[in-house]
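Open the model in your viewer and keep the sequence panel in view. The tour goes from one selection to the next and says what to look for at each stop.

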Amino acid sequence: MSTTLSISLSSLERIKNFESLIADMKGKFALCSGHYVVEAKSVMGILSMDLSKPILLKISDTSEKNVEILRQYCA
């Protein structure tokens with residue numbers, strides 16, 4: 001299964017919660033902004049992005065349950 005979500009990580013608390021949640025999930029997760037792509041499980045990667053606007057979360061090889069959990073971060 002492959003899905004793309006537009007998410008918002010506009011606060012440090014939201015970033016911490018997102019990273020904590022996604023760290024335990026199995027699958028492939030990438031954050032994309034323009035041509036810039038980082039591993040979604042990397043706090044340093046997340047913090048290197050422009051988080052003032054929504055970014056794309058590309059999800060593959062994970063369960064529908066995980067996708068539904070991550071929808072809470074949709075912009």
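Start with strands β2 and β4, which pair in the antiparallel sense over 5 bridges. This is a predicted model, so colour it by confidence before going further. The protein chain averages a pLDDT of 93, and 100% of the residues score at least 70. Among the elements, strand β4 (residues 55-60) has the highest mean pLDDT, at 96, and helix α2 (residues 43-47) the lowest, at 93.

**The β2 neighbours**

Stay on β2 and select C32. Which residue of β4 stands opposite C32? That residue is L56. Now add strand β3 (residues 36-39), which runs antiparallel to β2 and is joined to β2 by 4 bridges. In β3, C32 has V37 as its bridge partner. Follow the chain from β2 into β3: the two strands form a hairpin with 2 residues between them. Select G34 in that turn, where phi is positive, at about 65 degrees.

**The cysteines**

Keep C32 selected and add C74. How many disulfides does the model have? The count comes to 0. C32 is in no disulfide, and the nearest cysteine sulfur, that of C74, is 14 Å away. Likewise C74 is in no disulfide, with the sulfur of C32 as the nearest one at that distance of 14 Å. A disulfide would need the two sulfur atoms within 2.5 Å. Are these cysteines buried or exposed? C32 is buried because its relative accessible area is 8%, under the 20% limit. C74, at 31%, is partly exposed.

**Strand β4, side by side**

Select β4 and show its side chains. In a regular strand the side chains alternate between the two faces of the sheet. Here I55, L57 and I59 point to one face and are buried. L56, K58 and S60 point to the other face and are not buried. So L56, the residue opposite C32, belongs to the set that is not buried.

**Strand β1 and T3**

Add strand β1, which is joined to β4 by 6 bridges and runs antiparallel to β4. Select T3, which is found in β1. Its bridge partner in β4 is I59. T3 has a relative accessible area of 14% and is therefore buried. Leaving aside neighbours within four places in sequence, T3 is in contact with L57, K58, I59 and V67.

**Helix α1 and what covers it**

Select helix α1 (residues 12-23). The helix has 12 residues and reaches 16 Å from its first C-alpha to its last, close to the 16 Å expected at 1.5 Å a residue. Show I15, F18, E19 and I22, which are buried. Look down the axis of α1: the buried residues fall within an arc of 95 degrees, so they line one face of the helix. An α-helix has 3.6 residues a turn, so residues three or four places apart point the same way. Now display what covers these buried residues, which includes β1 (2-7), β2 (28-33), α2, β4 and α3.

**Last stop: N66**

Move to helix α3 (residues 64-70) and select N66, which lies in that helix. Why does N66 count as buried? Its relative accessibility is 14%, and buried means under 20%. With neighbours within four places in sequence left aside, N66 is in contact with M25 and K26.

Definitions and conventions
Residues numbered from 1 in each chain as written. Predicted model: local features only at pLDDT ≥ 70, side-chain atom pairs only at ≥ 80, totals over all residues. Heavy atoms only, no water. Buried < 20%, exposed > 50% of the residue type's maximum accessible area, 1.4 Å probe, protein only. Contact = heavy atoms within 4.5 Å. pLDDT = per-residue confidence, 0-100. Expected span 1.5 Å × (residues − 1). Arc of directions from axis to C-beta. Pairing = 2+ DSSP bridges.
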